[in-house]
Amino acid sequence: MATLDGKTILVIATNYGVEQDEIVVPTDQLRERGATVTVAGQESGSIATLVGDKDPGKSVDVDTTYDGVSAGDFDALVVPGGTINADTIRQDATAVALVKSFVEAGKPVAAICHGPWTLVEAGVLTGRTITSFPSLQTDIRNAGAEWVDREVQVDETNGTIITSRNPDDLPAFVDAIEAALR
């Protein structure tokens, strides 16, 4: 039996501009560990990823759209980064409400790199300690959180928020998601 058998995980992203490894690696590795992973985009079709925010990457199939899911249907949420993705997703009211509903339900929310911008927009960071890509420090502090420079930060203040800085941190990020779901 895989460690995450029976667990359901939602990954949300825009249909363009997601950092390739920040969506592909967690999705693949969480599936390998037994989880059922659903990818939701703003629109149906596929997600065009980027490598380093500029070079075309792999295409990722969308299973559903944001408006086709709810926090009650999943055990955890993953928000990948990519500057374009994160800046776009934080302006999408449906995606932001979804993030907030996961946090309010006490379910693990994992965001990497620029993904924590959605946590800022959802207003769920007051009193928490998180990490992110370094350029988000001021935004995170202004949202009421303490920013730290760690490969993974797990904050269990009123639910679990898991954050990492960049693709180099993916092994620790995926392990922290798994640990939160055991």
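Residues are called buried here when their relative accessible area is under 20%. By that criterion, helix α3 of this predicted model holds six buried residues by name: Ala 95, Val 96, Leu 98, Val 99, Phe 102 and Val 103. These residues cover an arc of only 155° around the axis, which places them on the same side of α3. Ala 93 and Glu 104, on the other side of α3, are exposed. The helix comprises the twelve residues 93–104, and at 1.5 Å a residue it should span 16 Å; the end C-alpha atoms are indeed 16 Å apart, in agreement with that expectation.

Both ends of α3 reward a closer look. At the start of the helix, a side-chain oxygen of Asp 92 comes to within 3.0 Å of the backbone nitrogen of Thr 94. After the helix comes Gly 106, with a positive phi near 75°. As for the surroundings, the buried residues of α3 pack against strands β1 (8–12), β7 (76–79), β8 (109–112) and β12 (161–164), and also against helices α2 (83–89) and α4 (117–122). The helix lies across β1, β7, β8 and β12, and runs at about 150° to β1.

The strands just named belong to an open sheet of seven, with the order β6-β3-β1-β7-β8-β12-β11 and mixed pairing. The edges are taken by β6 (64–65) and β11 (153–155); each has a single partner strand, so one side of each is left without a neighbour in the sheet. Within this sheet, β7 can be followed residue by residue. It pairs with β1 in the parallel sense over three bridges, in which Ala 76 is the bridge partner of Ile 9 and Val 78 that of Val 11. Pairing between β7 and β8 is likewise parallel and over three bridges, and here Val 78 stands opposite Ala 110 of β8. In a regular strand, side chains alternate between the two faces of the sheet. In β7 both faces are covered: Ala 76 and Val 78 are buried on one side, and Leu 77 and Val 79 are buried on the other.

Two further helices meet this sheet. Helix α1 (residues 20–32) lies across β1, β3 (36–41), β7 and β8, running at about 155° to β3. Helix α6 (residues 170–181) also has twelve residues, which at 1.5 Å a residue should span 16 Å; its end C-alpha atoms are 17 Å apart, which agrees. Its buried residues are Leu 170, Ala 172, Phe 173, Val 174, Ala 176, Ile 177, Glu 178 and Leu 181. They pack against β1, β7, β8, β11 and β12, as well as against helix α1.

Helix α1 also links the account to another sheet. This one is open and has three strands in the order β2-β4-β5, again with mixed pairing. Its edge strands are β2 (16–19) and β5 (55–61), each of which pairs on one side only. Neighbouring strands are turned by 45° against each other on average, with direction ignored. Strands β2 and β4 (residues 46–51) pair in the parallel sense over three bridges, and Glu 19 stands opposite Leu 50 in β4. Helix α1 lies across β2, β4 and β5, at about 65° to β2.

Several loop residues deserve a word of their own. Asp 53, in the loop between β4 and β5, has a positive phi of about 65° although it is not a glycine. At 30% relative accessibility, Asp 53 counts as partly exposed. Cys 113, in the loop between β8 and α4, also has a positive phi without being a glycine, with a value near 65°. Cys 113 counts as buried, its relative accessibility being 7%.

Cys 113 in turn leads to Ser 132, a residue of the loop between β9 (129–130) and α5 (137–142). Ser 132 counts as buried because its relative accessibility is 0%. Its side chain makes a polar contact with the side chain of Trp 147, at 2.9 Å. Beyond its neighbours within four places in sequence, Ser 132 is in contact with Cys 113, Pro 116, Gln 137, Ile 140, Trp 147, Ser 164 and Arg 165.

How values were computed:
Residues numbered from 1 in each chain as written. Predicted model: local features only at pLDDT ≥ 70, side-chain atom pairs only at ≥ 80, totals over all residues. Heavy atoms only, no water. Helix = DSSP H or I, 4+ residues; strand = E, 2+ residues; numbered from the N terminus. Buried < 20%, exposed > 50% of the residue type's maximum accessible area, 1.4 Å probe, protein only. Polar contact = N/O pair within 3.5 Å; in protein donor to acceptor, adjacent residues only side chain to side chain. Contact = heavy atoms within 4.5 Å. Expected span 1.5 Å × (residues − 1). Arc of directions from axis to C-beta. Pairing = 2+ DSSP bridges. Axes fitted to C-alpha atoms, helices over the stretch in contact; angles between N-to-C directions.
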